[in-house]
Amino acid sequence: MIVPFSHVLILAGILFVLGAVCALARRNLIMILIGVEVMLNAAGLALIGAALKWRQLEGQIFVIFIMAVAAAEVAVGLALIVYSQRRTGTLEADRFNLLKG
Amino acid sequence: MPNDWLVILPLLSLAAGGTAVFGAGAFWRSRPRELLFALSLITVAAAGAAVVLVAPQAASFSGVLDLGSYSRFFNFLFLAITGLTLLFVRHYARERGFAGDELYGLLLFAALGMALLAVARHWLIFFLGLELLSLSLYVLIAIRKGDAGSNEAGVKYFILGAVASAFLTFGIALLYAATGSLDIGASLGAELQPGALPLLMAALSLILVGVGFKISLVPFHLWTPDVYQGAPAPVTAFLSAGSKVALFAALLRFSLDLGPAAWSYALPAIWVLAVLTMVVGNITALRQTQVKRLLAYSSVAQMGYLLMALVAVKEGGAPALMFFLAVYAVMDLGAFGIVGTLSGTAADRDALENYRGLGYSQPWRAAVLAVCLISLAGLPPTAGFMGKLVLFKVVLQAHYRVLPVIGILTVIISIYYYIKVVIALYLQPRAAGTAVPRAEPSGVLAVAVILVLLLWLGLLPGSVLNLVSRIAG
């Protein structure tokens, strides 16, 4: 590998933190979903780097599965979000305050 | 090996049944009314028979799946949970107009996801099982179209569940980077490389956070009351019993796999999380006035007791945990399921005032609800008492002192809010609330099974206790 493994891990870590901040701090549902996708891709990057480091294919196969699952997750999530946008007319997470006690 | 295909027969029949339900829903418009329900029930029964009849085999499919007796126990439990949920949900869903193929098909696929969590010996299988379970649950929670609460609960569970899954996935990636193996046992039990310690700790904490979200440990529990309140009651029953037991079964196995050095780092974290979960879960439940929220906090607290016993897992605590998981599944399923059968079609029966005097107008269902609550409180002669007894016993045997004392104090506090509901059922005059729907056959059957199980596990726990200690030993 030309790039040292630690650099790959640091990049994946930065991506993961960026995604987590986006998912936890933003109030817009679409932005939260994007944050989650970035986090999953950070995991994918770390897996590919580790697969190269250990010279195995397992890690790369895992990434293909992550991509498929992330697509399914977005499909379900967008359906939920579109439906609630039609119902409430907003995408702000703070407006979901019906359930409390 | 041809044998391998026979071993995964339970998983195959669940997948085939789910696909058949979706197929029938999509292509057979003029189907008989009960077809989908019958098909799902047959699937669960067939998978259950396969679990019982096929001989367990510890490592199959080149060590990726483990269908030994441990997985067999949990698979049977998941199928029982799914079967009881089907009985509870049949009438509930038809009255509210969501008894379509998506309900039954997703229930079966969620059961498959839970089974995969229990059999996984490879992180990829674990990840797929978790996502299969979560994706099915996102839709199941939001399945009441037009109901604002159901939709809001679905969105909340989706957002937090997706974040938790991302944490877990990154944790798995870091674990792979640190140890070079995606096999669950090998990666967790690996010898610590000197330089890899921070990486391994980061990986384990991310995995713990991800699992902690799903089984709602404090401080990751904030979604629980909202989601449990908004979801339709039988789905809440399935969510609280099924998904938590499945994730805890996986967590139990991770703890057993963890090498001694890593376990010594994990112990303090588990200790603190257990105390937080027991204390916060029970104290917050005290001031709830809505029954579904109260039960939600109670289920948080029950996870705290399980986590408390997890510290003793290396000293032979596993059988007690397995026994309590089965007990917990029955009593939580019963409590939420009965709330569902008592609810009118407009909204679930939630406010505590609406339970006043139900003990006299609905003697049977109120009585079983009271038994479930007494069992959750951990009072004899119910299953909950036996479950708590064995949990506290293993913790004391492992020479912990502070932890069980805190645990017993919170159990005493918790009796107050469970009894509050029982008092409302029996000792307060009937409120002029909504009418209670009549009992229907499948609901009655489910309630009767719950009652029998709770009393059987409470009075004659010997056979099950022997079974779990044989499996764990």
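H10(B) crosses H13(B) in a right-handed manner, a crossing being right-handed if the near helix is turned clockwise from the far one by less than a right angle, and left-handed if anticlockwise. The model is predicted: local features need pLDDT of at least 70 and side-chain atom pairs count only at pLDDT 80 or more, while totals for chains, interfaces and linings use all residues. Residues are numbered from 1 along each chain as its sequence is written, with chains lettered from A and ligands numbered from 1 in the order in which they are written.

H10 covers residues 223–230 of chain B and H13 covers residues 291–310 of chain B; their axes are 8 Å apart, at an angle of about 135 degrees. H10(B) is therefore oblique to H13(B) (under 35 degrees is roughly parallel, over 145 roughly antiparallel, 65 to 115 roughly perpendicular, the rest oblique). Axes are lines fitted to C-alpha atoms, for helices over the stretch in contact, and angles run from 0 to 180 degrees between N-to-C directions. Helices are DSSP runs (H or I, at least four residues), as are strands (E, at least two), numbered from the N terminus.

On the H10(B) side the contact involves Thr224(B), Pro225(B), Tyr228(B) and Gln229(B); among their partners in H13(B) are Leu295(B), Tyr297(B) and Val300(B). Contact requires C-beta atoms, placed from the backbone, within 7 Å.

Chain A has 3 helices and 0 strands, in the order α-α-α. Its C-alpha trace spans about 50 × 25 × 25 Å along the principal axes. The radius of gyration of chain A is 17 Å, where a compact globule of 101 residues would have one near 13 Å; this is taken over C-alpha atoms, the globule rule being 2.2 Å times the number of residues to the power 0.38. Buried residues are 36% of the 101 in chain A (buried: 20 or more other C-beta atoms within 10 Å of its own; exposed: 12 or fewer; partly exposed: in between; C-beta atoms placed from the backbone).

In the interface, 33 residues of chain A contact 36 residues of chain B. H3(A) gives the largest share of the chain A side, 15 residues. The two contact surfaces divide as follows.

| Surface | Nonpolar | Polar | Charged |
|---|---|---|---|
| H10(B) with H13(B) | 6 residues | 2 residues | 2 residues |
| Chain A side touching chain B | 25 residues | 5 residues | 3 residues |

Here Ala, Val, Leu, Ile, Met, Phe, Trp, Tyr, Cys and Pro are nonpolar, Asp, Glu, Lys and Arg charged, and the others, Gly among them, polar.

Glu353(B) sits in the loop between H14 (318–341) and H15 (358–361) of chain B. Glu353(B) counts as exposed because it has 11 C-beta neighbours inside 10 Å.

Definitions and conventions. Two residues are in contact if their C-beta atoms, placed from the backbone, lie within 7 Å.
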